[in-house]
Amino acid sequence: MTLATLADVLAPARMQGHAVAGLVCLGWEDMRAYAHAAEAEGCPVILQAGPSCREHTPLPVLGAMFRNLAESVSVPVVAHLDHGYTFEDCKQALDSGFTSLMFDGSRKPLQQNIDETAAIAEMAHAAGISCEGEIGFVGYANGENSSGTDPEEAHIFATQSGVDAMAISVGNVHLQENKEGGLDEDRIRAIEAVTDIPLVIHGGSGVPVAQRRTLASTSAICKYNIGTELRMAFGEALRCAVASDPARFDRVSILRDVEPALVSAARQVIRAISKPQEG
């Protein structure tokens, strides 16, 4: 089994100057494609179950699926809870075999966020797994606006919460379908100057690939969450598969045709950030 914790994969990534892809899963077909993509690239991968995934499939089932995939490949696989909003969410994920818990208290006052995150981190570490927290709210495209991470608050949070990785808000936005924006590198450097912890970018699909690659090798950013970009690839491949034979109705046959395109898209995401630049 190559099941790993978040700390297991982020510590070497930071030391070696690259990042690890946190790929947002919605079902068996995409998580299997992501595991195969990681295997093909020879890189670790973080399989993530976010709120919409958990609405569709119970956590105990997701934990078993992630662990099954970890057994099927030779690269490290992290079974990661993404955006757990309550202690109960995180406890159920731990009990379901997840190896990493992300508690999102970013909408809460600083001290409340620290206290609640610290309780999750303590529980995770007692079980031998990892914890990610978030300071500074990352907004949503056509939805809630972001609240950028304050470097001093980031310092306090990193020092007092006990997390293994810290998600920050530096121009990133969830569910962004284009890459017209970019991250605030001055704010990233200011956060790095007062913290010593792996940094995480949620909403990574909206970050230009060149900037992802550069910051993976030159900053403390060790994890990019990628969801929308891959969901778009899945949707395009699914439309093509259905259109190729409108009379076809067997879902296994249709989804079998979708997987190669999704593996290819995931390999591009992983390759861009998970391998140090040459030269």
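Visitor: Does Glu259 count as buried or exposed, and at what relative accessibility?
Guide: This is a predicted model. Buried means under 20% relative accessible area. Glu259 falls under that cut-off, so it counts as buried, at a relative accessibility of 14%.

Visitor: Which residues is Glu259 in contact with, leaving aside its neighbours within four places in sequence?
Guide: Start with the location: Glu259 lies in helix α11, residues 251–274. The chain brings in a remote stretch here, as Tyr34 is 225 residues away in sequence, yet its C-alpha atom is 9.5 Å from that of Glu259. Beyond the sequence neighbours, the contacts of Glu259 are Arg32, Ala33 and His36.

Visitor: How are α9 and α11 oriented to each other?
Guide: The two axes come within 8 Å. They cross at roughly 40°. Angles under 35 degrees would count as roughly parallel, and 65 to 115 as roughly perpendicular. The pair α9 and α11 fits neither class and is therefore oblique.

Visitor: Which residues of α9 and α11 make the contact?
Guide: By class, there are five nonpolar, no polar and two charged residues. From α11 come Val269, Ala272 and Ile273. From α9 come Val209, Arg212, Arg213 and Ala216.

Visitor: How are α8 and α9 oriented to each other?
Guide: Helix α8 spans residues 185–194 and helix α9 residues 209–218. Their axes are 13 Å apart, at an angle of about 20°. Angles under 35 degrees count as roughly parallel. The orientation of α8 and α9 is therefore roughly parallel.

Visitor: In which crossing does α8 pass α9, left-handed or right-handed?
Guide: Take the contact of α8 with α9. The sense in which α8 passes α9 is right-handed.
The α8 side of that contact has Glu185, Ile188 and Arg189; the α9 side has Gln211, Leu215 and Thr218. By class, these are two nonpolar, two polar and two charged residues. The crossing, again, is right-handed.

Visitor: How many aromatic pairs does the structure hold, and which residues form the edge-to-face one?
Guide: There are two aromatic pairs. In the edge-to-face pair, the ring planes stand at 70° and the centres are 5.6 Å apart; its members are Phe66 and Phe98.

Visitor: How many residues apart are Phe66 and Phe98?
Guide: The pair of Phe66 and Phe98 links distant parts of the chain. Phe66 sits in helix α4 (residues 59–72), and Phe98 in the loop between α5 (87–95) and β5 (100–103). Both Phe66 and Phe98 are buried. Their separation along the chain is 32 residues.

Visitor: What is the pair of Phe137 and Tyr140, given planes at 45°?
Guide: The ring centres of Phe137 and Tyr140 lie 6.4 Å apart. Planes under 30 degrees apart count as stacked, over 60 as edge-to-face. At 45°, the pair of Phe137 and Tyr140 is therefore tilted.

Visitor: What is the relative accessible area of Tyr140?
Guide: Its ring partner Phe137 counts as buried, at 8% relative accessibility. Buried means under 20%. Tyr140 is partly exposed, with a relative accessible area of 22%.

Visitor: Which residues does Thr117 touch, not counting those up to four places away in sequence?
Guide: Thr117 is found in helix α6, residues 110–126. It is buried, at a relative accessible area of 0%. With sequence neighbours set aside, Thr117 touches Phe103, Cys131, Gly133, Phe157, Ser161 and Val163.

Visitor: What distance separates the C-alpha atoms of Gly235 and Pro109?
Guide: Gly235 lies in helix α10, residues 228–244. It counts as buried, at 16% relative accessibility. Gly235 and Pro109 are 126 residues apart along the chain, and their C-alpha atoms are separated by 38 Å.

Notes:
Residues numbered from 1 in each chain as written. Predicted model: local features only at pLDDT ≥ 70, side-chain atom pairs only at ≥ 80, totals over all residues. Heavy atoms only, no water. Axes fitted to C-alpha atoms, helices over the stretch in contact; angles between N-to-C directions. Helix = DSSP H or I, 4+ residues; strand = E, 2+ residues; numbered from the N terminus. Parallel < 35°, antiparallel > 145°, perpendicular 65-115°, else oblique. Left-handed = near helix turned anticlockwise from the far one by under 90°. Contact = heavy atoms within 4.5 Å. Nonpolar A, V, L, I, M, F, W, Y, C, P; charged D, E, K, R; others polar. Buried < 20%, exposed > 50% of the residue type's maximum accessible area, 1.4 Å probe, protein only. Phe/Tyr/Trp six-rings, centres within 6.5 Å; stacked < 30°, edge-to-face > 60°.
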